[in-house]
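Please open the model in your viewer and keep the selection tool at hand. This tour goes through the empty spaces enclosed inside the protein, one stop at a time.

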Amino acid sequence: MTGTEVAPTQKGFLGFVEKTGNKLPDPVFLFFYLIGILILISVVCAMLGVSAVHPTQLNEDGTSVVVTAASLLSPDNIQRLWVQMPATFTHFHPLGYVLVVMMGAGVAERSGLFSSGMRAAVRGAPKALLTPVVALIAMLSNHASDAGYVVLIPLAGILFAAAGRHPIAGIAAAFAGVSGGFSANITPGQLDALLFGITQTAVDNSGLVDGLHVNIAGNWFFITVLMVIYLPLIWFVTDKIVEPRLGKWTPSEAQAKDFGDEDKPLDAGQKKGLAYAGLASLAVVGLWLFMTFGPGTPLINEAACAPGTIEAGDCSIHATLAPLYQSLVAGFFLMFLFAGWAYGAAAGTIKNHRDLVAMMAEAMKDMGYYLVLAFAAAHFVAMFGWSNLGFITAVHGANAIEASGLPLPVVLGLMVLFTGFLNLFVGSASAKWALMAPVLVPMLMLLGISPEGATAAYRVGDGATNIITPLMVYFPLILIFAQRWVKGFGLGSLTALMLPYSVWLLLSGVILTVAWFYLGIDLGPGASVRFELPDAVAIP
């Protein structure tokens with residue numbers, strides 16, 4: 001089979017996934033269809049008087065507040081839909097988070113920083129450590145948006161071939177790291193901005209608490225440990241399971257002569273650019289440390305622990321550092337921006353400020369589809385909140401789980417598995433979380449699991465099955481990369497190749513998620529895995 005031929009249709013379960021997934025509409029229209037279904041359900045539930053008791057609010061007379069389902073066809077909700085449409089879209093939390101981070105990341109990507117950084121890291125790896133280095137750089141490359149797929153995966157095949165190893169094993173290791181380890185990293189990035197924006201919207205619409213803010217670093221510790229666990233797993237699966245099954249690889253004459261020019265060494269300008277980018281990154285980190293600990297401490301909320309202040313009741317290290325946590329979106333924007341600018345100036349890819357602005361603009365052009373998706377998702381999430389169905393479902397769902405007697409860590413583990421299954425059919429991380437968060441976030445809050453805990457469980461399941469579903473947008477591209485080395489390598493071959501990775505990543509992710517809750521370790525700065533509802537208060 002060549003890269004231009006169509007992969008054969010699968011049979012069995014994989015065939016069911018492929019066939020069913022291909023019948024699903026584009027995620028944008030999926031949200032519009034769901035809005036239509038939501039409207040009908042809201043009308044029926046309002047007519048039936050479906051309701052739930054609010055756990056944190058009391059009426060003035062001390063009786064419990066009862067929240068009832070609201071019809072989305074009521075005059076108030078129809079007015080709200082049309083009048084607030086611009087605000088519903090622009091106030092969608094993920095929108096601002098993602099656009100800000102992407103402006104900086106766009107410069108880092110288009111200047112060549114990400115590509116050169118990955119090439120430099122992987123090319124210099126000792127042959128004995130080639131697999132773990134490829135896997136590590138693959139997971140780190142998730143900060144580089146699409147660059148990990150487009151640059152690192154074909155490069156890994158070339159490097160394995162040059163080392164006398166099977167190139168398909170290199171492609172598999174890189175694919176497992178980039179896509180299977182989608183959430184594993186050493187720092188928060190674009191994915192964190194995207195997911196926590198949706199989580200914040202779910203918290204705001206839950207009606208359970210006021211003024212609760214999640215931050216982009218809410219899973220920092222968790223994703224770092226996830227990377228530490230995933231790295232040896234990918235190494236083991238590649239070297240002990242996948243590559244032995246592939247057998248010895250003997251290149252053809254054409255392949256032996258031409259591994260492509262993707263493995264060529266960095267030139268002097270690119271090396272200089274990487275050094276300058278490192279200095280620029282350190283400068284941004286130094287600036288943030290200065291604003292945290294220097295004179296005036298603009299990123300420290302000193303009033304949180306000041307005697308007699310209105311915030312004194314929340315005196316804690318997390319409350320004191322709240323401005324720092326909330327500034328991290330801007331911090332990552334500046335780090336990507338200045339690192340990319342410094343690299344481009346040294347490497348010659350950015351000649352003046354106009355080139356810089358053009359790269360930022362190009363990054364925004366690439367976000368066109370996301371803006372359309374965000375418009376649809378924002379209205380679905382907002383209307384779900386207006387109908388009160390999210391809150392009612394969360395309360396009754398939490399009650400059902402409590403009645404079942406399932407331990408909360410098991411509930412989180414089941415959430416990981418459910419997300420992994422859903423990911424076989426709906427590949428978009430943001431689309432799935434926008435669908436799930438309005439119910440799961442408040443439901444888990446009622447059960448004592450924090451919004452950050454719900455987000456962590458979701459992202460484990462979302463990543464582990466990326467590499468075995470034909471509906472993942474880069475799956476056909478990876479197939480073409482593989483067919484460059486082995487003609488006739490089909491869709492079933494790629495899925496079977498990646499299945500051991502998926503199983504091990506999913507299993508280890510479930511164990512980590514369950515253990516993390518049992519141990520009660522913070523998921524990130526200021527982000528506990530546990531959550532306590534405030535005491536019930538009377539409302540006017």
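By class, the residues that line the largest cavity are 10 nonpolar and 1 polar, with no charged residue in the lining. To see them in this predicted model, select Phe92, Pro94, Leu194, Ile198, Tyr370, Leu373, Ala374, Ala377, Ser430, Ala431 and Ala434, which together line that cavity. The space they line has a volume of about 50 Å³.

Next, colour the helices α10 (190-206), α18 (368-387) and α21 (429-446), since these are the elements that give two or more residues to the lining of the largest cavity. Which element gives the most to this lining? It is α18, with 4 residues.

The structure holds 2 cavities of 30 Å³ or more, and the tour now moves to the second largest, in which about 40 Å³ of space lies. Select Phe222, Leu412, Gly453, Ala456, Thr513, Trp516, Phe517, Leu523 and Val529, and you will have the residues that line the second largest cavity. Sorted by class, this lining divides into 7 nonpolar and 2 polar residues, and again no charged residue is found in it.

For the last stop, show α22 (451-464) and α24 (491-519), each of which supplies at least two residues of the lining of the second largest cavity. The largest share of that lining comes from α24, which contributes 3 residues.

Notes:
Residues numbered from 1 in each chain as written. Predicted model: local features only at pLDDT ≥ 70, side-chain atom pairs only at ≥ 80, totals over all residues. Heavy atoms only, no water. 1 Å grid on protein atoms, 1.4 Å probe; cavity = no way out; pocket = protein on both sides within 12 Å on 5 of 7 lines; lining within 4 Å. Points joined across faces, edges and corners; volume = space filled by probe spheres on them. Nonpolar A, V, L, I, M, F, W, Y, C, P; charged D, E, K, R; others polar.
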